[in-house]
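Trainee: I would like to learn how to read a structure like this one. Could you walk me through it, feature by feature?

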Amino acid sequence: MQQSIAFVGFMGSGKSTVAKLLAKAMDLQFVDLDLTIEEQEKQSISEIFKSHSEDYFRKIETQILQEVLSESRPRVISCGGGTILSKRNRALLSKECLVVYLEADDKLLLDRLKHAKSERPLIADKSEEELLDFIRTELNSRMKFYQQADFSIQASKAKASIQELKKKLLNYSK
């Protein structure tokens with residue numbers, strides 16, 4: 001594999017879990033963009049949002065994505081849920097990676113996110129009803145970006161089909 005593989009999708013879709021499994025299956029380095037940001041900033045994402053701003057976080061996210069993609073060896077990257085919101089990030093990912101959209105519906109996302117709200121600054125203060133509305137609104141607004149991915153796989157089946165995904169990616173050329 002000559003190219004890095006980047007997973008995109010909504011928060012809670014399972015990008016980090018699936019990317020880590022695929023990296024192991026392909027014997028490639030795994031990079032979690034959010035964890036890399038936390039390590040560099042020495043703060044959790046929630047703390048970064050509180051002490052700085054979402055805009056500050058997005059600038060750091062783009063810088064780190066550029067750094068990760070500037071290294072020559074291919075790897076499997078788990079992008080943050082909002083990474084694709086930046087035109088610059090989308091261009092970088094499209095140019096440098098095979099992009100895989102981990103597709104999850106609103107009910108699966110609600111089930112996963114309602115138990116992890118405290119770790120996610122954009123949803124921390126939302127009721128379950130508000131969370132579902134937020135998920136639906138954001139999924140709808142991001143769909144045009146997700147549809148630009150080279151591949152799309154169902155989040156609910158992704159862990160079980162790592163070997164199949166590996167085979168598809170190895171046979172794909174951009």
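Mentor: Gladly! Let us begin with a term: a disulfide is a pair of cysteine sulfur atoms within 2.5 Å. Keep in mind that we are reading a predicted model.

Trainee: How many disulfides does a search of the whole structure find?

Mentor: The search of the whole structure finds 0 disulfides.

Trainee: Why is there no bond between Cys 79 and the closest cysteine sulfur?

Mentor: Compare the distance with the cut-off. The closest cysteine sulfur to that of Cys 79 belongs to Cys 97, and because the two are 7.0 Å apart, they are too far for a bond. Starting from Cys 97 leads back to Cys 79 at 7.0 Å.

Trainee: Are these cysteines buried or exposed?

Mentor: Residues under 20% relative accessible area count as buried. Cys 79 has 2%, so it is buried, and Cys 97 is buried with 0%.

Trainee: Next, the serines. Where is Ser 78, and what does its side chain contact?

Mentor: Ser 78 lies in strand 3. Its relative accessible area is 1%, so Ser 78 is buried. Its side chain makes a polar contact of 3.1 Å with the side chain of Ser 16.

Trainee: And where is Ser 86 placed?

Mentor: Look in the loop between strand 3 (75–78) and helix 5 (87–96). Ser 86 has 22% relative accessibility, so it counts as partly exposed. Its side chain reaches the backbone nitrogen of Asn 89 at 3.1 Å. Arg 58 is 28 residues away from Ser 86 along the chain, yet their C-alpha atoms are separated by 8.1 Å.

Trainee: How do I look for empty space?

Mentor: Rolling a probe the size of a water molecule over the atoms shows where empty space is left. Here, the largest pocket has a volume of about 620 Å³. It is lined by 29 residues, and the closest to its centre are Met 11, Asp 34, Ile 45, Glu 119 and Arg 120.

Trainee: Which helices each supply at least two residues of that lining?

Mentor: Helix 1 (15–26), helix 2 (33–41), helix 3 (45–51) and helix 4 (54–70) each do so. By class, the lining has 8 nonpolar, 11 polar and 10 charged residues.

Trainee: Finally, which residues touch the most other members of the largest nonpolar core?

Mentor: They are Ile 5, Phe 7, Phe 10, Leu 22 and Leu 93, out of 56 residues in that core. Helix 7 (residues 128–146) gives the most to this core, with 7 residues.

Key
Residues numbered from 1 in each chain as written. Predicted model: local features only at pLDDT ≥ 70, side-chain atom pairs only at ≥ 80, totals over all residues. Heavy atoms only, no water. 1 Å grid on protein atoms, 1.4 Å probe; cavity = no way out; pocket = protein on both sides within 12 Å on 5 of 7 lines; lining within 4 Å. Points joined across faces, edges and corners; volume = space filled by probe spheres on them. Helix = DSSP H or I, 4+ residues; strand = E, 2+ residues; numbered from the N terminus. Nonpolar A, V, L, I, M, F, W, Y, C, P; charged D, E, K, R; others polar. Core = buried A, V, L, I, M, F, W, Y, C linked by side-chain atoms within 4.5 Å. Buried < 20%, exposed > 50% of the residue type's maximum accessible area, 1.4 Å probe, protein only. Polar contact = N/O pair within 3.5 Å; in protein donor to acceptor, adjacent residues only side chain to side chain.
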